[in-house]
Amino acid sequence: MSFASTLPQFYIISFIQGLFTTSAAMLPVNIVLTNWFRKKRGFIVSIAMAGSGIGGTVLSRLMGTMIVEHGWRYTYRFLALLILCILVPAVGLVIRRTPVEKGLKPYGEEMDDTLKTERERQNAGKRMEKEWNASLKELRSLPVFWAYVFGIALIAFTSAVIIHIPSAVVDAGYTMEKAASISSLYLLIAVPGKMILGYIFDRLGVRAGILFGGAVFLLSMLSLLVIQQPPVLFLMAVFFGFGACLSTVSPSIIASRTFGTKNYPEIFGVTTMLVNGGYAIGVPVIGLFYDMTGSYYPAWIVMGILAVLMTVSLLYSYQKSREYVK
């Protein structure tokens, strides 16, 4: 990209970048963590997602400074050097796809050797959540899978709200500085928010995680309808900081808990495609609402309704999947 000089070159490189960004970041992270952790998986995934937010915040500021001082071509080359010298060796030397490659078992799968009685061992086994482990080929013919697909697509579609919130804040009469500070606030809240959501998934279960994420996202949409009131604007940032975590933490956890880990990579590959596609469609659709009506109000109402449908669909798919667990 640092050597591109014509518009077709930028398009071609961006297309290639789009094809491989997911396979170089979110997809392998979720697959590796799902393979390595059975217990506390939700919390571990949430830590990884929180780490990506922190890294993105730090790098964004660094890249912005470098672009101003040295130009965007130099900055692209610096990023390439970081990937080549840090990321590639780290992956090659440290990361292993499964614990079996290191002679280990996934965390939480093995029984604790300190359990003294057979009854304790049986109770420990019962506490481990049973898995369906369906294949993608099997799932394609089942309504439970399409309910899941619908719910995940809606998570991605509604998460596109994040692009339009700063504009909505300015449209409500606030300054650009205020819009920037509100954006920083909900991004900051999202860091512990991801870990809290992951903890809820682990401690209280998938249903509780879906309900919590869907509820706070719905509250953020309702708050956006009355952000002319400064206290509500602050509450919106808090609600959205937690609600936005649904799109980063939930898809991988829901996929593995609903359909199991045996065929997780291919199932989550489809999930990732839905997330990227839903987000890509959601951004222009919300903008179209504003262009057609001159207001974000209709978009927030529709997003709130979709948040309810999303929650119901995901709850149904998870509940229905329990019937297939043997």
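Two salt bridges are present in the structure, which is a predicted model. One of them joins Arg-257 to Asp-202, with the closest N and O atoms 2.8 Å apart. Arg-257 belongs to helix H12 (residues 246-259) and Asp-202 to helix H9 (residues 176-204), so this salt bridge ties together parts that are 55 residues apart in sequence. The two partners fall into separate accessibility classes: Arg-257 is buried, at a relative accessible area of 10%, while Asp-202, at 27%, is partly exposed. Lys-320 and Glu-323 form a salt bridge as well, with an N to O distance of 3.3 Å. In this pair the lysine, Lys-320, is partly exposed at 26% relative accessibility, and Glu-323 is exposed at 58%.

The largest nonpolar core comprises 61 residues. Tyr-148, Val-161 and Trp-300 are the residues with the most contacts inside this core. When neighbours within four places in sequence are left aside, the contacts of Val-161 include the aromatic residues Phe-217, Phe-240 and Trp-300. Val-161 is also in contact with Met-221, Leu-224, Ile-286 and Met-303. Trp-300 thus appears both among the core residues with the most contacts and among the contacts of Val-161.

Aromatic pairs number 15 in the structure. The rings of Trp-72 and Tyr-76 have a centre-to-centre distance of 6.0 Å and an angle of 85° between their planes; the pair is therefore edge-to-face, a class that requires an angle over 60 degrees. Trp-72 and Tyr-76 are four residues apart in helix H4, a separation of about one helical turn. In general, an α-helix has 3.6 residues a turn, so residues three or four places apart point the same way. Both residues of this pair are partly exposed, Trp-72 at 32% relative accessibility and Tyr-76 at 33%. Tyr-264 and Phe-268, in contrast, form a stacked pair, with ring centres 5.3 Å apart and planes at 15°. This pair lies in helix H13 (residues 264-293), where Tyr-264 and Phe-268 are likewise four residues apart, or about one helical turn. Tyr-264 and Phe-268 are both buried.

One aromatic cluster is made up of Trp-132, Phe-145, Trp-146, Tyr-148, Phe-259 and Tyr-324. Two of its members link to elements already described: Tyr-148 is one of the residues with the most contacts inside the largest nonpolar core, and Phe-259 has the number at which helix H12 ends.

Helix H4, which holds Trp-72 and Tyr-76, runs over residues 72-93 and has 22 residues. The distance from its first C-alpha to its last is 31 Å, close to the 32 Å expected at 1.5 Å a residue. A bend of about 30° occurs in H4 at Ile-83.

Arg-97 is placed in the loop between H4 and helix H5 (118-127). This residue is partly exposed, with a relative accessible area of 46%. The C-alpha atoms of Arg-97 and Trp-36 lie 8.1 Å apart, although the two residues are separated by 61 residues in sequence. Trp-36 is also one of the contacts of Arg-97 when neighbours within four places in sequence are left aside. The other contacts of Arg-97 on this basis are Ile-31, Val-32, Asn-35 and Pro-265.

Note on methods:
Residues numbered from 1 in each chain as written. Predicted model: local features only at pLDDT ≥ 70, side-chain atom pairs only at ≥ 80, totals over all residues. Heavy atoms only, no water. Core = buried A, V, L, I, M, F, W, Y, C linked by side-chain atoms within 4.5 Å. Buried < 20%, exposed > 50% of the residue type's maximum accessible area, 1.4 Å probe, protein only. Contact = heavy atoms within 4.5 Å. Salt bridge = Lys/Arg side-chain N within 4 Å of Asp/Glu carboxyl O. Helix = DSSP H or I, 4+ residues; strand = E, 2+ residues; numbered from the N terminus. Expected span 1.5 Å × (residues − 1). Bend = angle between axes of the 7 residues up to and from the residue. Phe/Tyr/Trp six-rings, centres within 6.5 Å; stacked < 30°, edge-to-face > 60°.
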